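Biologist: I should like to go through this model with you and hear the reasoning behind each term you apply to it.

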Amino acid sequence: MARVVVDVMPKPEILDPQGQAVAGALPRLGFTGVTSVRQGKHFELEVDDSVDDETLAKIAEGFLANPVIEEWTVRRLS
Amino acid sequence: MKIGVITFPGTLDDVDAARAARYIDAEAVNLWHADEDLHGVDAVIVPGGFSYGDYLRCGAIARFAPVMSSVIDAAKGGMPVLGICNGFQILCEAGLLPGALVRNKKLHFVCRDQWLRVENNTTAWTTRYEAGAEVLVPLKSGEGGYVADQSTLDELEGEGRVVFRYVGENPNGSRDDIAGICSANGRVVGLMPHPEHAIDALTGPSDDGLGVFLSVVDSLVSA
């Protein structure tokens with residue numbers, strides 16, 4: 001068994017209104033100096049040893065992320 | 001003439017889509033998400049709602065439903081397919097239409113009657129409209145911002161594949177005010193606003209949406 005982390009983020013050129021809303025709220029809460037926030041998704045998968053890197057890449061690109069609007073990274077933690 | 005209407009768990013607008021099909025004297029055939037059989041339909045409507053709760057991304061899970069593999073094959077063979085709202089998102093996720101739909105620019109769910117301009121009246125779903133006609137139909141969506149990379153947008157514009165455009169204030173931040181697009185052959189159309197909610201002035205803001213459904217009957221008869 002291994003733990004695999006897939007992080008999915010909106011591409012830089014894609015408007016991220018959720019991140020902007022968070023960034024906009026920070027000064028109102030008294031936190032200054034944060035100039036930008038991007039909001040994405042973090043997936044944790046428990047996979048058995050039969051799942052190879054190629055399959056994980058397919059899962060990330062074909063399902064967890066939409067390559068039109070998002071970028072992704074796949075990491076094996078153990 | 002049989003028009004199939006897909007129901008996924010979480011679909012909301014299948015009843016109105018089926019009603020629109022019956023309204024123009026077509027037979028509405030209910031298609032279940034888990035069934036690969038299209039039951040001999042001549043066209044398919046992928047209606048609005050929140051398929052599978054829209055978890056992950058809008059339309060991302062529905063795109064892998066058994067019925068969708070049959071719809072994708074049929075669409076590639078030339079069957080007219082219409083995706084409305086969540087259906088548009090599903091068709092983009094499925095790769096039948098380019099681009100993606102993202103969260104509305106102002107983050108608010110938008111629910112209002114919306115004027116649209118018919119930019120292309122040669123698709124399977126728009127022949128009953130005059131080019132440049134302005135129609136009033138409901139819009140109700142939280143993730144209706146159409147995005148695609150610049151080369152895709154240039155291609156859509158260059159080939160006349162922007163089918164509907166928002167008139168007046170852009171409700172969701174869609175690139176180039178795009179409300180609906182079509183496939184290269186004009187048989188697959190996706191749009192965010194809801195023509196199926198505007199088929200009778202008794203229950204909608206107009207009957208302007210009826211042209212979408214009458215058009216597909218025409219294109220099936222002439223095919």
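Modeller: What follows is a discussion of the two chains, the annotated site and some individual residues.

Biologist: What kind of model is this, and what pLDDT do local features need?

Modeller: The model is predicted, and local features need a pLDDT of at least 70.

Biologist: What makes up the secondary structure of chain A, and in which pattern along the sequence?

Modeller: Chain A has two helices and three strands, and they follow one another as β-α-β-α-β.

Biologist: Why is chain A called more spread out than a compact globule?

Modeller: The globule rule gives 12 Å for 78 residues, whereas the radius of gyration of chain A is 16 Å; the value is well over the rule, and therefore chain A is described as more spread out than a compact globule. Along the principal axes, the C-alpha atoms of chain A fill a box of roughly 50 × 25 × 15 Å.

Biologist: What makes chain B, by the rule you used for radius of gyration, compact or spread out?

Modeller: Chain B comprises five helices and eleven strands. Its radius of gyration is 15 Å, close to the 17 Å that the globule rule gives for 223 residues, so chain B is as compact as a globular protein of that length. The C-alpha trace of chain B spans about 40 × 40 × 35 Å along its principal axes.

Biologist: What share of the residues is buried in chain A, and what share in chain B?

Modeller: A residue counts as buried under 20% relative accessible area. Buried residues form 29% of the 78 residues in chain A and 60% of the 223 residues in chain B.

Biologist: How much surface does chain A expose, and how much does chain B?

Modeller: Chain A exposes about 5,000 Å², with 56% supplied by carbon and sulfur atoms. For chain B the accessible surface is about 8,600 Å², and carbon and sulfur atoms account for 50% of that area.

Biologist: Which residues carry the "active site" feature, and what is the origin of that label?

Modeller: The label comes from an unreviewed UniProt entry, which places the feature at Cys85(B), His194(B) and Glu196(B). These residues are spread over 112 residues of sequence, yet they cluster in space, the largest C-alpha distance being 10.9 Å.

Biologist: Why is Cys85(B) given the burial class that you assign?

Modeller: The relative accessible area of Cys85(B) is 7%. The cut-off for buried is under 20%, and Cys85(B) is therefore classed as buried. This residue is found in the loop between β4 (81-84) and α3 (86-93) of chain B. Beyond four places in sequence, Cys85(B) touches Gly48(B), Lys140(B), Ser141(B), Leu191(B), Met192(B) and His194(B).

Biologist: How do you know whether Glu196(B) is buried or exposed?

Modeller: Glu196(B) has 0% relative accessibility, so it counts as buried. It belongs to the loop between β11 (188-191) and α5 (210-222) of chain B. Its contacts, apart from neighbours within four places in sequence, are Asp13(B), Asp16(B), Ala17(B), Ala20(B), Ile84(B) and Phe213(B).

Biologist: Which residues of helix α2 of chain B are buried, and what covers them?

Modeller: In this helix, residues 66-76, the buried residues are Val67(B), Met68(B), Ser70(B), Val71(B), Ile72(B), Ala74(B) and Ala75(B). Their cover includes β1 (2-7), β2 (27-32), β3 (43-46), β4, α3 and β11 of chain B. Just after α2(B), Gly78(B) adopts a positive phi of about 105°.

Biologist: Why is Gln39(A) called partly exposed?

Modeller: Partly exposed is the class between buried, under 20%, and exposed, over 50%. Gln39(A) has a relative accessible area of 34%, and therefore it is partly exposed. Gln39(A) lies in the loop between α1 (17-28) and β2 (41-47) of chain A. Among the residues it touches are Met9(A), Pro10(A) and Val22(A).

Biologist: What makes Ile59(A) a member of its accessibility class?

Modeller: The relative accessible area of Ile59(A) is 30%, so Ile59(A) is partly exposed. Ile59(A) is in helix α2 (residues 53-64) of chain A. Leaving aside neighbours within four places in sequence, Ile59(A) contacts Leu45(A) and Leu64(A). Ile59(A) and Val74(A) are 15 residues apart in sequence, and their C-alpha atoms are 9.8 Å apart in space.

Methods
Residues numbered from 1 in each chain as written. Chains lettered and ligands numbered in written order. Predicted model: local features only at pLDDT ≥ 70, side-chain atom pairs only at ≥ 80, totals over all residues. Heavy atoms only, no water. Helix = DSSP H or I, 4+ residues; strand = E, 2+ residues; numbered from the N terminus. Rg over C-alpha atoms; globule rule 2.2 N^0.38 Å. Buried < 20%, exposed > 50% of the residue type's maximum accessible area, 1.4 Å probe, protein only. Areas by Shrake-Rupley, 256 points an atom, 1.4 Å probe, with all protein chains shown as cover. UniProt positions renumbered as here; feature names shortened; annotations may be inferred. Contact = heavy atoms within 4.5 Å.
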